[in-house]
Amino acid sequence: MKRITNIALIIALMSCIVLVPSACFAQNMLRKLGRGLANIITSPIEIPKSVQESFYEDGPVAAGTYGVLDGVYKFVARTLVGVYEVVSFPFPLPADYAPIVEPEFLFSPHEQ
């Protein structure tokens with residue numbers, strides 16, 4: 001009986017260790033790989049998104065000039081960051097797999 005109790009205690013302790021919840025939005029190599037792929041795939045949307053933001057904030061002339069240029073810049077930057085993250089996903093660079101661009105994903109709920 002004592003042996004069964006010890007085994008049950010060991011299983012319970014091991015379960016606690018395994019089932020401890022990790023931090024929400026924890027950064028790891030698979031999240032970095034997914035983030036990189038998502039950034040590569042969604043990066044072209046930066047252009048119309050930037051044009052729309054410029055239109056609502058500054059008007060149609062700004063949207064047609066600054067909005068387009070800003071969108072192209074963001075498109076290229078997000079694509080390059082995505083390629084970098086896909087290539088370097090096994091390595092914790094930058095520290096702890098932290099995102100390089102903000103927002104982490106193009107349509108992030110934490111976007112301001």
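Which residues does E85 touch, not counting residues up to four places away in sequence? I will come back to that after setting the scene, and I should say at once that this is a predicted model, in which local features need pLDDT of at least 70 and side-chain atom pairs count only at pLDDT 80 or more, while totals for chains, interfaces and linings use all residues. Residues are numbered from 1 along each chain as its sequence is written, and side-chain values use heavy atoms, with hydrogens and water left out.

The chain has four helices and zero strands, where helices (H or I, at least four residues) and strands (E, at least two) are DSSP runs numbered from the N terminus, and from that end the elements run α-α-α-α. Of its 112 residues, 23% count as buried, buried being under 20% relative accessible area, exposed over 50% and partly exposed in between, with a 1.4 Å probe and protein chains only. If we take contacts between residues at least 6 apart in sequence, 71% of them join residues at least 24 apart, and contact here means heavy atoms within 4.5 Å.

My main subject is α4, which has 28 residues and reaches 39 Å from its first C-alpha to its last, close to the 40 Å expected at 1.5 Å a residue; that expected span is 1.5 Å times one less than the number of residues. Along the way α4 has a kink of about 35 degrees centred on G67, the bend at a residue being the angle between axes fitted to the seven residues ending there and the seven starting there. G67 is also one of the buried residues of α4, which include A62, A63, D70 and G71 as well as R78 and G82, and what covers the buried residues includes α2 (29-42) and α3 (46-58).

Let me take α3 and its packing on α4. Their axes come within 7 Å and cross at roughly 145 degrees, where axes are lines fitted to C-alpha atoms, for helices over the stretch in contact, and angles run from 0 to 180 degrees between N-to-C directions. The crossing of α3 and α4 is right-handed, meaning that the near helix is turned clockwise from the far one by less than a right angle, whereas anticlockwise would be left-handed. On the α3 side the residues that meet α4 include I47, S50 and F55, and on the α4 side they include Y66, G67 and F75.

Turning to α2, its axis comes within 7 Å of that of α4, and the two cross at roughly 150 degrees. That makes α2 roughly antiparallel to α4, since angles over 145 count as roughly antiparallel, under 35 as roughly parallel, 65 to 115 as roughly perpendicular and the rest as oblique. The pass of α2 across α4 is left-handed.

Now to single residues of α4. E85 is in this helix and counts as buried because its relative accessibility is 1%; to settle the opening question, E85 touches K32, R35, G36, N39, A98, P99 and I100, with residues up to four places away left out. V81 is buried as well, at a relative accessible area of 13%, and beyond its neighbours within four places in sequence V81 is in contact with I100 and V101. The C-alpha atoms of V81 and N39 are 7.6 Å apart, although 42 residues separate them along the chain. V76, also in α4, counts as partly exposed because its relative accessibility is 40%, and its C-alpha is separated by 9.9 Å from that of I47.
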